[in-house]
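Visitor: I would like to understand how the labels on a model like this one are earned. Could you take me through the reasoning step by step?

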Amino acid sequence: MTDVFEALAIEGGQQLVRALATGVVDLVRRAPALWRRSGRDAEQRIGAELERSSAEIAAEFAAEGEDGPGRVRARAEVVWETRLRDLLAAHPEALQEVEQFLAELRSQEQFQPQSQTIQNITASGQNAQAQGVIGGNIVNLGVVRDGGARGDGSPNRP
């Protein structure tokens, strides 16, 4: 298998699961058509597998939340990576169609709501400073004249 096929399969597994997790349902429902070259039965089987993956991811999300361990999502990525790898190995002529499908998935991602982190930090007293860590970034906050630090990312103003 070529490196292009391998890279597409890996990215495809990730993008497909991300789309299932974020609810890009209309686009994901078009995915089984990629397998039409393998026959109607394969296309239907892939559609059923997508539905099952979607239900499992939704159940995991309901039980664990967005920041849960993501075991089901990780397993689903491997499954869909394998499915896409097998498709491209059996039907190299599907390369352009798979690339186009992934481009559409990527473009949908930019319209998904981004998560927001809010951290309230309070510092009081003379020369007080406050620090917070958000996503691995340390945010240093100075002191405003009334003695409180602003933790909303806005500049400190007297």
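Guide: Happy to, and please keep in mind that this is a predicted model. Let's begin with Ala94, which sits in the loop between α4 (71–90) and α5 (95–109).

Visitor: Why does Ala94 count as buried?

Guide: The label needs a relative accessible area under 20%. Ala94 has 0% relative accessibility, so it counts as buried.

Visitor: Which residues is Ala94 in contact with, leaving aside its neighbours within four places in sequence?

Guide: Those are Arg37 and Leu88. There is also a long step in sequence to look at: Ala94 and Trp35 are 59 residues apart along the chain, while their C-alpha atoms are 8.8 Å apart in space.

Visitor: What makes Ser53 buried?

Guide: Ser53 belongs to helix α3. Its relative accessible area is 9%, and the cut-off is under 20%, so Ser53 is buried too. Beyond four places in sequence, Ser53 is in contact with Leu20 and Trp80.

Visitor: How much of the protein counts as buried?

Guide: Of its 158 residues, 34% do.

Visitor: Let's turn to the helices. Why is α1 called oblique to α3?

Guide: Helix α1 (residues 3–22) and helix α3 (residues 40–64) pack at an angle of about 60°, and their axes are 9 Å apart. Roughly parallel needs an angle under 35 degrees, and roughly perpendicular runs from 65 to 115. The angle of about 60° fits neither range, and therefore α1 is oblique to α3. The crossing of α1 past α3 is right-handed.

Visitor: Which residues meet where α1 and α3 touch?

Guide: From α1 come Leu16, Val17, Leu20 and Ala21, and from α3 come Leu50, Ser53, Ser54 and Ile57. By class, this contact has 6 nonpolar residues, 2 polar and no charged.

Visitor: And what makes α1 oblique to α4?

Guide: Here the axes cross at roughly 135° and come within 7 Å. Roughly perpendicular ends at 115 degrees, and roughly antiparallel needs over 145. Roughly 135° falls in neither class, so α1 is oblique to α4. This crossing is right-handed as well.

Visitor: Which residues in α1 and α4 meet?

Guide: Among them are Phe5, Leu8, Ile10, Leu16 and Val17 in α1, and Ala76, Trp80, Leu84 and Leu88 in α4. The contact of α1 with α4 divides into 11 nonpolar, 3 polar and 5 charged residues.

Visitor: Which residues of the largest nonpolar core touch the most other members?

Guide: They are Leu16, Trp35, Leu50, Trp80, Val98, Phe101 and Leu105, out of 27 residues in that core. Two or more residues come from each of α1, α2 (25–28), α3, α4 and α5. The most come from α1, which gives 7 residues.

Visitor: What does Leu50 touch, not counting residues up to four places away in sequence?

Guide: Its partners are Leu16, Leu20, Val28, Ala31, Pro32 and Trp80.

Visitor: What pattern does the protein follow along its sequence?

Guide: The order is α-α-α-α-α-β-β, which comes to 5 helices and 2 strands.

Visitor: How many of the contacts between residues at least 6 apart join residues at least 24 apart in sequence?

Guide: The share is 55% of those contacts.

Terms used: Residues numbered from 1 in each chain as written. Predicted model: local features only at pLDDT ≥ 70, side-chain atom pairs only at ≥ 80, totals over all residues. Heavy atoms only, no water. Axes fitted to C-alpha atoms, helices over the stretch in contact; angles between N-to-C directions. Helix = DSSP H or I, 4+ residues; strand = E, 2+ residues; numbered from the N terminus. Left-handed = near helix turned anticlockwise from the far one by under 90°. Contact = heavy atoms within 4.5 Å. Nonpolar A, V, L, I, M, F, W, Y, C, P; charged D, E, K, R; others polar. Buried < 20%, exposed > 50% of the residue type's maximum accessible area, 1.4 Å probe, protein only. Core = buried A, V, L, I, M, F, W, Y, C linked by side-chain atoms within 4.5 Å.
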